[in-house]
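These are my notebook entries on a single chain. I set down what I looked up, topic by topic.

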Amino acid sequence: MKGQVPGKKPVSAKVMLKELEEALEFNRDPEKANGMAAYMKNRFNFLGIPQPLRKELSRPFLKAALLLDMPAILQLAEELWKKPEREYQYIAMELLYASRKKWDAASELFFLHLVTEKSWWDTVDFIASKLIGTRFAGKKKPGIMKAWIGAENTWQNRTALLFQLNYKQNTDAEFLFTAVRCLLPKREFFIQKAIGWSLRQYHRTAPDKVEEFVESAGITGLARKEALKHSS
């Protein structure tokens with residue numbers, strides 16, 4: 001059957017998705033859904049399923065989906081992304097990250113595409129640090145990230161700041177500091193917060209370098225507060 005890894009038990013993506021939907025719908029909680037939607041400024045609908053329960057309910061789906069080849073996984077993730085309830089986007093991201101041993105060039109393009117689809121911090125931060133960041137780890141910094149520093153889209157800017165979040169000593173400090181300098185004049189909350197977060201994370205590895213940069217770059221306000229949060 002097309003889309004399956006040779007030698008594995010046949011799995012129908014359509015059946016997988018149907019069973020996942022049934023499990024989630026059965027556990028729908030309208031009251032919790034309202035609260036979760038309010039927390040996200042009512043930008044998205046929710047089923048009202050808390051993360052621990054969502055992970056439990058989606059475990060069989062993820063296990064079965066990982067038997068598919070990467071093109072089929074990407075197609076399945078795209079179907080999840082189209083669904084109106086936010087929990088489906090979370091499961092799509094978890095599926096994509098769990099399939100990282102199978103990633104290819106098409107996967108990379110798909111991750112970049114998702115940054116501007118149903119964008120908000122809850123998905124973009126995962127995509128930036130877990131998907132794009134993992135994909136680009138140990139490689140020469142891709143031109144697309146350099147381009148995104150100067151993009152008009154806030155979420156592309158934020159991704160350029162955050163994709164190195166887990167790189168620690170492998171962080172390209174020159175790239176990070178360049179991104180911060182370029183985006184510092186952009187006073188939008190999600191940019192200033194990301195500037196501070198990216199610097200705070202690198203501060204764990206190179207505190208002196210970050211503190212010196214914060215002073216020399218004249219970083220103030222929210223970005224400075226976040227960057228130096230763990231400064232002694």
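Which side chain does a polar contact of 2.5 Å join to that of Arg-200? I looked this up first and found Glu-226 as the partner. The model is a predicted one, and I read each entry below with that in mind.

**Entry 1. Arg-200 and Glu-226**

I placed Arg-200 in helix α11. Its relative accessibility is 13%, so I entered Arg-200 as buried, the limit being under 20%. Setting aside neighbours within four places in sequence, I listed the contacts of Arg-200 as Glu-226, Ala-227, Lys-229 and His-230.

I then turned to Glu-226 and found that it also forms a salt bridge, with Lys-193, in which the closest N and O atoms are 3.0 Å apart. I noted that this pair links distant parts of the chain: Glu-226 belongs to helix α13 (residues 221-227) and Lys-193 to helix α11 (residues 189-203), with their positions 33 residues apart in the sense that they are 33 residues apart. For Glu-226 I recorded a relative accessible area of 8%, which makes the residue buried. Lys-193, at 28% relative accessibility, I recorded as partly exposed.

**Entry 2. Salt bridges around Arg-28**

I searched the whole structure for salt bridges, and the count came to 13. I followed a network in which Glu-25, Arg-28 and Glu-85 are linked by such bridges.

Within the network, I found the side chains of Arg-28 and Glu-25 meeting at 2.8 Å, N to O. Both residues are partly exposed: I noted a relative accessible area of 34% for Arg-28 and of 39% for Glu-25.

The other bridge I examined joins Glu-85 to Arg-28, with 3.2 Å between the closest N and O atoms. I noted that these two residues are 57 residues apart and so link distant parts of the chain, Glu-85 sitting in the loop between α4 (70-82) and α5, and Arg-28 in the loop between α1 (13-26) and α2 (30-39). Glu-85 is buried, with a relative accessible area of 12%.

**Entry 3. Packing of α5 on α7**

How do the axes of α5 and α7 cross? I found that the axes of helix α5 (residues 86-98) and helix α7 (residues 121-136) come within 10 Å and cross at roughly 10°. Angles under 35 degrees count as roughly parallel, and I therefore entered α5 and α7 as roughly parallel to each other.

From α5, I listed Arg-86, Gln-89, Tyr-90, Met-93, Glu-94, Leu-96 and Tyr-97 as making the contact. From α7, I listed Asp-122, Thr-123, Phe-126, Ile-127, Lys-130, Leu-131 and Thr-134. Sorted by class, the contact of α5 with α7 holds seven nonpolar, three polar and four charged residues.

**Entry 4. Leu-24**

I located Leu-24 in helix α1 and noted its relative accessibility of 0%, which counts as buried. Which residues does Leu-24 touch, not counting those up to four places away in sequence? I found Leu-47, Ile-49, Leu-57, Tyr-88 and Ile-91. For one of these, Leu-57, I also looked up the separation from Leu-24: the two are 33 residues apart in sequence and 7.1 Å apart in space, C-alpha to C-alpha.

**Entry 5. Helix α10**

In helix α10 (residues 173-183), I recorded Ala-173, Phe-175, Leu-176, Phe-177, Ala-179, Val-180 and Leu-183 as buried. I then asked what covers the buried residues of α10. The cover includes α8 (143-149), α9 (154-162), α11 and α12 (207-216).

At the N-terminal end of α10, I found Asp-172 acting as a cap, with a side-chain oxygen 3.2 Å from the backbone nitrogen of Glu-174.

**Entry 6. Positive phi in residues other than glycine**

I noted a positive phi, near 60°, for Lys-41. Lys-41 is in the loop between α2 and α3 (51-65), and with a relative accessible area of 60% the residue is exposed.

I entered Lys-118 as well, with a positive phi near 50°. This residue lies in the loop between α6 (105-114) and α7, and I recorded Lys-118 as partly exposed, with a relative accessible area of 30%.

Key: Residues numbered from 1 in each chain as written. Predicted model: local features only at pLDDT ≥ 70, side-chain atom pairs only at ≥ 80, totals over all residues. Heavy atoms only, no water. Axes fitted to C-alpha atoms, helices over the stretch in contact; angles between N-to-C directions. Helix = DSSP H or I, 4+ residues; strand = E, 2+ residues; numbered from the N terminus. Parallel < 35°, antiparallel > 145°, perpendicular 65-115°, else oblique. Contact = heavy atoms within 4.5 Å. Nonpolar A, V, L, I, M, F, W, Y, C, P; charged D, E, K, R; others polar. Salt bridge = Lys/Arg side-chain N within 4 Å of Asp/Glu carboxyl O. Buried < 20%, exposed > 50% of the residue type's maximum accessible area, 1.4 Å probe, protein only. Polar contact = N/O pair within 3.5 Å; in protein donor to acceptor, adjacent residues only side chain to side chain.
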